[in-house]
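Student: I have a model open and want to learn how to read it. Where do I begin?

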Amino acid sequence: SNAPVNVTVTGAAGQIGYALLFRIASGQLLGADTPVKLRLLEIPQGVKAAEGTAMELDDCAFPLLQGIDIFDDPNKAFEGANVGLLVGARPRGPGMERGDLLEANGGIFKPQGEAINAGAADDIRILAVGNPANTNALIAQNHAPDVPAERFTAMTRLDHNRALTQLAKKLNVSINDIKKLTIWGNHSATQYPDIFNAEVGGKNAAQAVNDQTWLEDDFIPTVAKRGAAIIEARGASSAASAANAAIDHVYDWVNGTPEGDWTSAAIPSDGSYGVPEGLISSFPAVSKNGKWEIVQGLEIGEFSRGRIDASVKELSEERDTVRKLGLV
Ligand code: NDP
């Protein structure tokens with residue numbers, strides 16, 4: 001039947017990797033008819049743990065899993081890759097400046113971009129999860145000149161899903177009643193979850209909420225700071241929900257978004273909504289025929305404009321920093 005799809009996962013032995021790999025192998029990334037081969041990339045110290053995870057994957061006897069290979073060399077890991085989930089990244093250490101963080105990640109995402117350029121399959125699709133995800137995706141993209149730029153994306157789907165739940169709770173409705181929510185900008189504390197174009201049961205969500213104080217002082221910060229709240233409660237960062245969002249992003253990219261709704265994805269800007277061309281920024285997005293498209297023609301009020309501009313400014317500054325470092 002179908003040919004297996006090669007899925008490369010970096011940082012495979014980490015927390016998110018552990019929550020992600022079993023779901024990929026069970027068919028949730030691409031669909032129940034698509035066999036997969038996993039290609040796991042780790043740094044040398046992570047290889048042994050990745051081998052342990054591979055043993056557990058074997059022990060699940062997943063019918064769709066046709067192979068697992070483990071690498072510490074990106075050039076090998078991305079050979080023939082159809083999907084690349086870039087999870088491994090340099091975490092923010094104490095006292096680390098943003099520039100240091102971007103530089104450390106440049107050392108990871110530049111060689112990965114080169115490896116993708118050299119060896120990935122023609123239909124390669126990349127999702128950056130490791131932070132700072134948008135700019136890490138930009139770095140990899142810049143080192144893969146032969147790959148269409150639109151194939152490099154970053155994850156804001158977790159922010160989107162978090163916003164869906166917060167809004168559903170506020171309005172006491174089901175997640176299924178909410179459509180057309182948007183996360184704009186950077187996957188960072190400046191991200192802007194926008195309910196002004198969202199619908200609840202077919203009506204405008206902002207009007208249904210009718211509470212600007214809740215929006216500004218509760219909803220937006222709760223969504224933007226959810227990661228820190230989870231670390232505080234769990235004693236470890238979110239992992240299963242991040243893995244879940246990565247699955248959602250790629251599934252929708254490959255299989256298409258449902259009619260009458262959109263989602264949020266950080267994709268290369270074409271200049272829409274005043275976002276400088278080339279920045280990998282979160283937009284309202286639909287996937288059609290295997291390609292992301294930015295939803296056009298939304299009305300952006302003054303409040304939204306200010307929030308979007310602030311997050312996009314941060315992305316522009318990150319791009320300036322990695323330019324100065326010679327990474328893009
Ligand atoms: P996690 O698996 O928990 O997180 C991995 C990355 O995902 C981090 O950059 C993290 O950012 C990011 N992330 C994005 N969204 C979220 C979210 N909602 N919640 C939590 N994290 C999020 O990290 P681990 O330390 O457990 O594992 C990382 C693995 O990557 C290690 O095994 C390491 O060896 C490996 N690694 C591999 C590399 C490679 O393959 N070349 C390079 C570097 C590391 P944040 O730090 O901001 O939380």
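Tutor: We go from the domains to the ligand, then to the strands. Keep in mind that this is a predicted model.

Student: Which domains does the assignment give for the protein chain?

Tutor: Two: domain 1 covers 5–153, and domain 2 covers 157–318. Their centres, taken over C-alpha atoms, are 24 Å apart. Domain 1 puts 25 residues into the contact and domain 2 puts in 27.

Student: How is the size of an interface often given?

Tutor: Often as the accessible area lost when the parts come together. Here we stay with residues and elements.

Student: Which elements each supply at least two residues of the side of domain 1 that touches domain 2?

Tutor: Helix H1, strands E4 (83–86), E5 (125–128) and E6 (152–154), and helix H5 (133–142). By class, that side of domain 1 has 16 nonpolar, 6 polar and 3 charged residues.

Student: Now the ligand. How many residues surround it?

Tutor: There are 26, and the closest are Gly11, Gly14, Ile16, Gly88 and Ala89. Sorted by class, the ligand shell holds 12 nonpolar, 12 polar and 2 charged residues.

Student: Which helix gives the most to that shell?

Tutor: H1, residues 15–25, with 3 residues. H1 also appeared on the side of domain 1 that touches domain 2.

Student: Why does the ligand lie between the domains?

Tutor: Look at who supplies the shell. Domain 1 and domain 2 both give residues to it, so the ligand lies between them.

Student: On to the strands. Are the residues on the two faces of E5 buried or exposed?

Tutor: Take each face in turn. Arg125 and Leu127 lie on one side, Ile126 and Ala128 on the other, and all four are buried. Both faces of E5 are therefore covered.

Student: In which sense do E4 and E5 pair, parallel or antiparallel?

Tutor: Parallel, over 4 bridges. For a register, use valine 83, which stands opposite arginine 125 in E5. Then follow the chain: from E4 it passes through helix H4 (residues 98–119) to E5, a right-handed β-α-β crossover.

Student: And over how many bridges do E5 and E6 pair?

Tutor: Over 3, in the parallel sense. Leucine 127 has threonine 153 in E6 as its bridge partner. The chain runs from E5 through H5 to E6, and this β-α-β crossover is right-handed.

Student: Which residues should I revisit to tie this together?

Tutor: Go back to E5. Arg125 and Leu127 are buried on one side of the strand. Arginine 125 faces valine 83, while leucine 127 bridges to threonine 153.

Note on methods: Residues are numbered from 1 along each chain as its sequence is written. This is a predicted model: local features need pLDDT of at least 70, side-chain atom pairs count only at pLDDT 80 or more; totals for chains, interfaces and linings use all residues. A residue is near a molecule or strand if its C-beta atom, placed from the backbone, lies within 6 Å of it. Ala, Val, Leu, Ile, Met, Phe, Trp, Tyr, Cys and Pro count as nonpolar, Asp, Glu, Lys and Arg as charged, and the others, Gly among them, as polar. Domain bounds come from an automatic or database domain assignment. Two residues are in contact if their C-beta atoms, placed from the backbone, lie within 7 Å. A residue is buried if 20 or more other C-beta atoms lie within 10 Å of its own, exposed if 12 or fewer, and partly exposed in between; C-beta atoms are placed from the backbone. Two strands pair if DSSP finds at least two bridges between them. A crossover is right-handed if, with the strands pointing away from the viewer, the path from the first strand over the helix to the second runs clockwise.
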